[in-house]
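Here is a short report on one sheet and a few charged pairs. Look at the structure first, then read on.

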Amino acid sequence: MAEPLLHLSGVHTHIGPYHILHGVDFAAPAGQLTMLLGRNGAGKTTTLRTIMGLWQASSGTIRFDGNDITKNGTPDIACAGIGYVPESMGIFAGLTVRENIVLAARSGPVDSARLDWMLGLFPALRRFWNLPAGNLSGGQKQMLAIARAIAEPRRLLLIDEPTKGLAPVMVRSMIEAFKALKEAGETILLVEQNFHAASVLGDTVIVMDDGRVVHSGIMSELVADKNLQRRLLGLSLDTHQ
Amino acid sequence: MTGTTVEPSAPSEPLPRTRTDWLPLLLVPALALLALPLVGSGSTWATLTVAGLAMGMMIFLMASGLTLVFGLMDIINFGHGVFISLGAYASLLVLGPLAGWAQSDSVWLNLALLLFCILAAMGVTGTVGAVFERIIVRPVYGSHLKQILVTMGGLIVAEQAIHAIWGASPIPIPLPATLRGALIIGDVVMERYRLVAVGIGLVVFVGMQLLLNRTRIGLLIRAGVENPEMVEALGYRIRRLFVSVFVAGSALAGLGGVMWAFYRQTLTAGMGMEVMVLVFIVIIIGGLGSVGGCFVGSVLVALVANYVGFIEPKLALISNILVMALVLIWRPQGLFPVARR
């Protein structure tokens with residue numbers, strides 16, 4: 001397995017009086033797509049938000065490329081090279097598609113080759129380039145959210161349920177886009193409820209339940225083991241399809 | 001735009017254009033045209049319209065900072081009025097040493113005096129704004145009730161501080177010599193100072209629009225109004241932006257305060273608080289956080305007040321509330337709603 005770019009060790013997170021993460025341990029290898037699976041309420045979104053510093057870990061350590069980022073503020077974590085696409089997508093609806101991209105490129109204008117690569121992944125965005133992002137459909141907003149995360153080179157992408165609520169045709173487009181991102185060597189930690197999408201895309205997999213990691217390993221092994229799927233996720237890939 | 005020259009290579013089909021929301025903008029000329037037959041005399045109508053525009057600009061100057069603070073920081077700053085008063089009083093720092101300029105027959109010296117008063121006011125209110133944000137506002141981010149209580153408290157303390165420094169009696173501040181009186185064109189009477197106010201209001205409005213729409217900092221402010229958490233997740237320090245906007249908002253209130261003070265030609269510590277009802281009305285009409293909406297709302301409210309005051313004086317007092325009610329029935333989030341998180 002490749003060297004871990006991100007390493008969580010005994011991470012606990014409290015939100016108000018609620019104890020959400022109970023000692024989360026896992027590693028995301030560099031250059032791979034790691035799937036983070038689990039039922040609703042398992043703590044997947046909290047894990048991503050804790051890595052981003054949007055919620056502070058109450059104990060444990062988060063190391064990114066060997067550096068402890070547990071207590072860092074969100075802007076510092078982003079500047080360290082972590083891109084984040086929240087479940088709500090977080091696009092700026094009043095800004096145009098172009099302005100959303102411009103804002104994401106902190107270091108200056110996006111070079112044209114990268115822009116063409118991004119718009120090649122998400123061609124629909126080109127049509128709406130100068131329109132307010134609020135006018136886009138749900139799938140197009142998701143494309144914009146991901147395009148924004150890759151507007152400049154990032155070392156790690158955290159993406160929260162990108163296929164949620166999308167039409168099947170849009171899910172297929174999204175899967176193709178992630179395949180292209182993988183081929184480009186991006187390191188991705190992807191939260192996903194769609195097990196079919198997860199099985200197609202994932203190199204490694206982490207399964208969470210009740211705020212804990214209950215399984216981690218190679219995605220292909222989980223895909224091949226129906227009993228393990230049923231035990232961890234409550235269904236098998238066959239039933240999901 | 002700095003760093004925003006990004007354009008994709010030519011698309012295979014024409015890009016759709018952004019649709020501009022013209023309806024709220026058409027309200028102002030529609031209102032003016034509607035008032036013309038009701039007022040009766042064309043010259044009276046023109047006089048009322050110019051006076052209304054000037055009043056609208058002054059309200060805009062006082063309100064524009066608050067709408068940004070409200071929209072970006074989600075802060076209900078009832079203390080905004082004190083920056084209006086403080087700005088007005090800060091002009092005394094200039095009017096004392098440069099009293100001779102006010103009596104000069106040179107229009108340039110008079111305008112320079114006004115400019116120095118504005119700069120002094122913006123400097124003082126911007127600095128006090130930074131302290132106000134740090135000590136009073138920052139501990140109550142996220143709690144509207146506490147914000148109302150603590151900023152009201154700040155307002156009362158600051159008003160008393162003004163009394164302690166400059167005294168409780170009203171202080172007269174006469175207009176510079178060449179800004180007094182009116183230009184008379186035909187039967188239309190236009191007060192010189194009001195024309196200056198229209199000019200300054202337009203300059204500030206255009207400046208703010210350029211800043212918000214043509215610069216990266218403007219882009220950040222607009223994005224921060226919608227979703228501050230996501231702005232941070234993109235690597236920007238929203239707290240710094242918050243403080244900068246609060247300081248700018250306070251400085252704009254100071255600018256509005258100077259213009260308002262010369263219009264009234266009297267300084268009182270409560271002059272900012274007195275105008276706060278109007279300020280809140282225009283930022284609600286415009287849509288919280290929208291500078292364009294604040295501008296249109298200010299002009300609308302001022303024109304309606306002028307026309308109604310002439311046509312049916314008994315209704316003048318409630319005309320602002322009536323305008324707000326009608327706008328909110330039509331557009332519950334204001335004329336130009338800003339997308340919210």
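A salt bridge here is a side-chain nitrogen of Lys or Arg within 4 Å of a carboxyl oxygen of Asp or Glu. Keep in mind that this is a predicted model.

**Salt bridges**

By this rule, the count over all chains is 15 salt bridges. Three of them are listed here, including the distance between N and O.

| Salt bridge | N to O distance |
|---|---|
| Glu152(A) and Arg154(A) | 3.7 Å |
| Arg138(B) and Glu133(B) | 3.0 Å |
| Glu274(B) and Arg264(B) | 3.2 Å |

Start with chain A. Glu152(A) and Arg154(A) form a salt bridge, and their closest N and O atoms lie 3.7 Å apart. Is Glu152(A) buried or exposed? Its relative accessible area is 8%. Buried means under 20%, so Glu152(A) counts as buried. Arg154(A) has a relative accessible area of 9% and is buried.

Now turn to chain B. Arg138(B) and Glu133(B) meet through their side chains, 3.0 Å from N to O. Arg138(B) is partly exposed, with a relative accessible area of 31%. Glu133(B) is buried, at 1% relative accessibility.

Next comes the salt bridge of Glu274(B) with Arg264(B), at 3.2 Å from N to O. Where do these two residues lie? Glu274(B) is in helix α12 (residues 271-286) of chain B, and Arg264(B) is in helix α11 (residues 238-264) of chain B. The pair therefore ties together parts that are 10 residues apart in sequence. Glu274(B) is exposed, with a relative accessible area of 54%. Arg264(B) is partly exposed, at 27% relative accessibility.

Some salt bridges share partners. Through them, Arg106(A), Glu152(A) and Arg154(A) are joined into one network.

**The sheet in chain A**

How many strands does the open sheet have? There are 6 strands, in the order β6-β7-β8-β3-β9-β10 (chain A). Their pairing is mixed. The edge strands are β6 (82-85) and β10 (212-218) of chain A, and each pairs on one side only. On average, neighbouring strands of this sheet are turned by 15 degrees against each other, direction ignored.

Take one pair from this order. Strand β3 (residues 33-38) of chain A pairs with strand β8 (residues 188-191) of chain A. In which sense do strands β3 and β8 of chain A pair? They pair in the parallel sense, over 4 bridges. Thr34(A) stands opposite Leu189(A) in β8(A).

Methods:
Residues numbered from 1 in each chain as written. Chains lettered and ligands numbered in written order. Predicted model: local features only at pLDDT ≥ 70, side-chain atom pairs only at ≥ 80, totals over all residues. Heavy atoms only, no water. Pairing = 2+ DSSP bridges. Axes fitted to C-alpha atoms, helices over the stretch in contact; angles between N-to-C directions. Buried < 20%, exposed > 50% of the residue type's maximum accessible area, 1.4 Å probe, protein only.
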